Every structure is written in structure tokens, then in C-alpha cells.
Amino acid sequence: MTQNQKYINREITWLKFNARVLQEARDENVPLLERLRFLGIYSNNLDEFYKVRYATVLRALELDSKIYSNIIEGQSLQALLADIQDFVAMQQETYDNTFEEIIQKLEQEQIYFIDQNKLNENQAIHIRNLYKNKFSHTIAVYLWQENSERVPVFREDAGYLVVKMIQKVPNSQMELKQFAFIEVPTHLFSRFVILPSEGDKQYFMMLEDLIRFNLDEIFDIFEYDAIEAHSVKVSKDAELDLDHDVQKSILDRISRSVEGRRSGEPVRLVYDKEMSADTLEYIKNVMHIDKYDSISPGGTYHNKKDFIGFPDLNRDDLNFKKIKPLVPPALQNVKSYIKAIEQKDYMLYAPYEEYSVFLKFLRECAIDPKVKSIKMTVYRLANQSQIISALVNAARNGKQVTAVLELRARFDEANNINWSRILQDEGVQVIFGVGDLKVHSKIGLVTYEEKEAERKIAFISTGNFHEKTARIYTDYTLLTAHKEIAQEVDDVFEFFEKNYKVKNYQHLILSPFETRNKLNEFIEQEIENKKKGLEAQINIKINSLSDKELIDKLYEAGNAGVEVRLVVRGICCLIPGKFGLSENIKAISVIDKFLEHSRIYWFKNAGNDRVYISSADLMTRNIDHRVEVSCPIYQADLKKEVMDTFELSFNDNVKGRVQNATYDEIYQENELAQNRSQISIYEYYQKKHNENNQISGH
């Protein structure tokens, strides 16, 4: 880092985030099977990085450097690519060593990964029979001749074995080589093949090793003297190329672009470092790997993202201790959620509190005769979505249902296209976003009649309406009958329908119209309060911070003496604690069991705390190019909850890492009692709910 450097490159700070994920896999205090899953998370993250971020840098280098806006002063795109390669190579060595260590420790727990060379006689018979009865008809083989014009199409996210058959020419030193690819069918079967247990010993085999063991069966019609198979994986550019033909619907354009991903340009090749040089050259030629693409030697196995779904084996001692999500006392055994919310606001903080409360509220709205309409935004959904079920049920009951469905939710495009068709078939009005603005807001509105008067309940969340991720993502969901907030949420939905109608909002903050100006205004107010000797402090919890204009404004506040406290899970292009630039700014990243996902803006405001929950990170795309909604928290008890939980996150001295410009990823130390914030926050809600139970006499 140079003396005058003000920002960290976005790609580098993202790799620093993934290094913190890798730290969790290395941490011996993390249960063993969870360490394996963190390796899967790291691998999945890195795949997405290459398909999106690395691909963007490559596009800029090869086509037009102006399309990349995250370069820092004095850095070239070539230098950035080299830095990325060095950083990933360093992490890869750590990753491989960690994987081997975990495998060894699993053996101490009587859990064995075995390959095709370690099978005993009974296991070999089992694998032969398993292949013949279950797998033989699903193994896809792609033969390829060196001079062939036909190029194999590699399925995105799939792993492959490259097979080389060698036939010796009689009375000669020459060898004939035939190459083939086998797709490992993890889209059909678990990656982990369970073998019969022997006493207390549990055995697993990777699916590709089962294939390796049966190569003689797969290629029995070929003549060869030797055969070998090595793992290979290719990552492709996953950015959507949307044409601008106005005659086509957005649905058609997204569908065509998703299909186009199959032929996307490769950006990274990972291969088994034990494969021969001629096999590697063959692969590079087939896949058209050029000098700018990342080529990474690896171990025997790739696509380790599958370890995210590794089974728990009924070993509670090797898995995270499960928590039982809590239900707010006032919503326990409630007859009508609508009537309860009429009386006061409620806010659920998943996964500490029970997300099924929100689902039950939606189900009530779907069947209550008083409810006339339901509107909500849809960004990502579970595969078997209860949200969709509730909307369909409501439509079947004659209610007006509107779903603003974002087709450009990265890697969920195909899923959302499918849901859009299901919703339309059921009579739901589906709105496909807003022109060039991605709809990332998480809002909904229920309109109903009570005593011949129209009433509204709004719900606003920091995360997707997704019951599966609600078990592992930390997110707030506010349920409110506040008239002005509910009306403004309705105004947002009117904007979705009539994009020319942009209203002034007195409560909500809307991107791309107001977020930048409002945040600048709030920061400026803290600076003025500090000058006047009033309470001044800025507290922000987000996933990513990269917008340079807002970073500069935070620098300005810090240099004016305002304390700036940040909890930033991932990308943080701001450099905290730098002399002459940011001494009054501290940033913490919490990586633990749950994915930190909630977004909070909290300004001290001379003691009259100004608190918002939001869908928006502080990235230029969220501020200027997406529809995002930030909502104020007015109710005193809920405002206190947000502030209290922020304090616990910011002061985490177990899983909190200090964000800085170095690559050391050091853990935070402070004078406070041990505080692992995700445990402390759950205990905080337990205490709060117990106190409320006592007050209510439950």
C-alpha cells in the first residue's frame, strides 16, 4: 500500500473476505464437519469470483478498460490480474493443506474417505454393483479427436474427468493416444458415495473415484494398454449479455442470455497437478484457454463447493450446535397476525427468531376474506417456495396479487423465469423489474378492509423472502401498520407499474433517487453535531462498502472527529485506521456460523438516534443503479434491538476480524468479556423474550 493510497481494490478486498472464510476452515475450535463445509463455501465463493469479478477484469483488458471502474491509482489491469493470481495461489496452498488436515482428523473420528485404490474386496464388489445398477446408464462420455471441428460443450458448475487411453504401437516407440471427457453427474447424484460401515467405521467415496474404478467398464469397447483419468474444472464468464431489441420481452432476453452462458468464454482452468503435460496441453487447446485466463494446478478433487452439503452423519459433536429459533411472546398462539400488527410493529431477526411467523402471516393474508390484495418483490426464492405457495393461494382466493420479480438475480435467473410462468398461470400480475434498474428491494404490502375502511400492513426486509436462507442468513423483517410507511411502500409498487411516477418520500429512502443524498445529509449532520459538541457517531452494518464518494464522505466525518464504526462482512474498499486519513474509523468483519446479511444505518443524531434497516449495501450499483429501500425504525423497543445487536456485532472479540489494508486478517481484541456475537445475540433475544413472557404472564 502506498502512502497516498485511499482505497483498496474491490477484487483484492473480496479475496481478503474469502481468506476469512478459509480461516474458519482452519480454526480448530470450529466443529470438524463444519470446517469441511467452510472449505465448500470458500470454493463456491471463488467459483463465483472468477465467473463474475475476474471475468469483468478480463473483459476490460481485452475489450475496453473503461468498463472497469474499480482500478486504484497507479495500478494497471495487468498488474491487478497478476495480484489476483498471486493471492489465489497463496490461498490454494493453504486450502489444500487444510483439506488434508481435515481428512486426517476425520479418520481419527472413524470417518474415512477412500479412493479407488484403497477398496477392500467387499467394497470393490459393492462399487462394481453400484455402478452397474445405478450409474452406468448416466455416465456421459465425450470423445474428441485432435483435428475435430466439434468442440465439447462443458456444463457450467460441472466437474469433469479427462481420460487418456494409450495404445502402444507394436515394434515401435510410438504411442497412440485417445482422449475423452466424462462429466461427473453431481446434478443427478450426491458427490459423496456411502459405502457399507464396518463396525464404528464410516466410509465415503467421491463420485469421480467410483467412475475411475469403473473405467474398464466404461471404455470396454476400446483397445488400450494404459488408461488414466484426472479431474479438471473450467469456470466461464457468467455475465449476462442482454441484447436491446425492444421487440423482445425482458423474459425472452433473459432466457436467451441464460442459455448463452453455456458457451461463455472460459476464464479459469483448475486441473489435477499430477496429470501429464500433454494432457494439460490437450485441455487448453480444447477449451481455448489463452494467456490471460487463470490456470491453476490443484489436487485430485475440484468443485469442493459440494462439501457445503456434506451430510451431518448424526454426529452432533462434529457439527455446530443447533439453536431453536424464538417466537416473540406476543405472537405465540396468536389468533390473527393482522390484528396483532395493527396494535404495534414487530420485527423478526432471522435466524435467531422464527421466520415461520412471517410465513404464517402470509398464509393468513392468503385466506382472510378481509384481505383484498397482496404485493411483494421477489429476488431469490427457495426451490420449494412457501412464499410462492402463499401468493398462488391468495390468487386462487380471488385476491389481487402482484409480484415484482427480478429476472436478473445472478445465478437465479432460470429459477425466477420458471416461477414467473407459474405465477402468471395462476393469475398473478407479474412485473419484470424496471428497465435498466435491478429491483433489489425487499418489500411487500397487504391491503385489507376493516369496518368498511381500507387498511394496509407493510413488510420490509434486509434480505430475500426465502425460508431456506432464513435459517442461515441474519436478516431483519419489519411488519408494520404505520400508515405513512405503508402508503409509501404502496407508492413504490406504483412506481414499479408506472416508472414515470417518482414521488417524494418522507420516511422511506429509495435508490436510485435519494439514498446517496440522504446518506450524505445524515453524515454531514453528524459532522455539524460534532462541531457543536453534541453527540455524534456513525454506525453502519453492511455486506460491502466500495462507493468512493461515500467512502470519501466517511473519511471527512472521521477527520472532523466523528467516530465511525463499521461492520462490513465482505468487500471494504475503505482503509480504516490509517494515519492522516481515517484514525477515527474502525471496521470489523464477522465470519461465523451464520452469514451476516442485515444492513443497518444508525446515526447518533445528537442523541435522537436515527436508525434504518435497508436492502442496500454501500456500493455504486446499489445506490445509483438498483431499486433499494431503506426503512426507518420508529418504535422505541425495536430501535433499541437494532442498536443493541449492532453493538454486539461490532464488539465481537471471538469471530470479529479487523478490516485493514494488510493480508493478516487479525482477530479483534478488546477489554470486554468474551463475546462471540452470534451466540450473544441469540442469548440477548432469549433474555428479552423471557422478560416479555414474565410481563405478559405467559
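Author: Let's start with a definition: a disulfide is a pair of cysteine sulfur atoms within 2.5 Å. Keep in mind that what we have here is a predicted model.

Reader: Fine by me. How many disulfides does a search of the whole structure find?

Author: The search comes back with zero disulfides. Take C365 as a worked case: the nearest cysteine sulfur to it belongs to C631, 17 Å away. Flip the view to C631 and its closest cysteine sulfur is the one in C365, which is too far for a bond.

Reader: And are those two cysteines, C365 and C631, buried or exposed?

Author: C365 is buried, at 0% relative accessibility. C631 is also buried, at 0%.

Reader: Let's move on to charges. How do I spot a salt bridge, and how many does the count come to?

Author: Look for a Lys or Arg side-chain nitrogen within 4 Å of a carboxyl oxygen of Asp or Glu. By that rule the count comes to 45 salt bridges. A nice one to click on is E24 with R657, where the closest N and O atoms are 2.6 Å apart.

Reader: What does the E24–R657 pair tie together?

Author: E24 lies in helix α1 (residues 10–26) and R657 sits in strand β26 (residues 656–658), so the pair ties together parts that are 633 residues apart in sequence. E24 is buried, with a relative accessible area of 0%, and R657 is buried at 0% too.

Reader: Which other pairs are worth a look, say with R315 or D637?

Author: R315 bridges to D317, with the closest N and O atoms 2.9 Å apart. The partners sit in contrasting surroundings: R315 counts as buried at 17% relative accessibility, while D317 is exposed at 52%. Then there's D637 with K344, at 3.5 Å from N to O. That pair links distant parts of the chain, with D637 in helix α17 (residues 636–650) and K344 in the loop between α9 (337–343) and β10 (346–350), 293 residues apart. D637 is partly exposed at 29%, and K344 is partly exposed at 32%.

Reader: Which residues do shared salt-bridge partners join into one network?

Author: E24, D27, K655 and R657. You've met E24 and R657 already as a bridged pair.

Reader: Now the greasy parts. What should I expect of nonpolar side chains?

Author: In soluble globular proteins, they tend to be buried together. In this model, the largest nonpolar core has 85 residues, and F113 and L545 touch the most other members. Helix α2 (residues 32–62) gives the most to this core, with 15 residues. There's also a second, separate core of 46 residues, and its members include L445, V629, F646 and Y682.

Reader: Leaving aside neighbours within four places in sequence, what is L545 in contact with?

Author: Quite a list: I551, L554, L566, V568, I571, C572, C573, L574 and L618.

Reader: Last one: strands. In what sense do β3 and β4 pair?

Author: When you read a pairing, check its direction, its length and the turn in between. Strand β3 (residues 159–168) and β4 run antiparallel to each other over ten bridges. For a landmark, find M165, which stands opposite Q178 in β4. The hairpin has six residues between the strands, and there N171 takes a positive phi near 60 degrees. Strand β4 (residues 175–184) is mostly covered, as seven of its ten residues are buried.

Methods. Residues are numbered from 1 along each chain as its sequence is written. This is a predicted model: local features need pLDDT of at least 70, side-chain atom pairs count only at pLDDT 80 or more; totals for chains, interfaces and linings use all residues. Side-chain values use heavy atoms; hydrogens and water are left out. Helices (H or I, at least four residues) and strands (E, at least two) are DSSP runs, numbered from the N terminus. Buried means under 20% relative accessible area, exposed over 50%, partly exposed in between (1.4 Å probe, protein chains only). A nonpolar core is a set of buried Ala, Val, Leu, Ile, Met, Phe, Trp, Tyr and Cys residues joined through side-chain atoms within 4.5 Å. Contact means heavy atoms within 4.5 Å. Two strands pair if DSSP finds at least two bridges between them.
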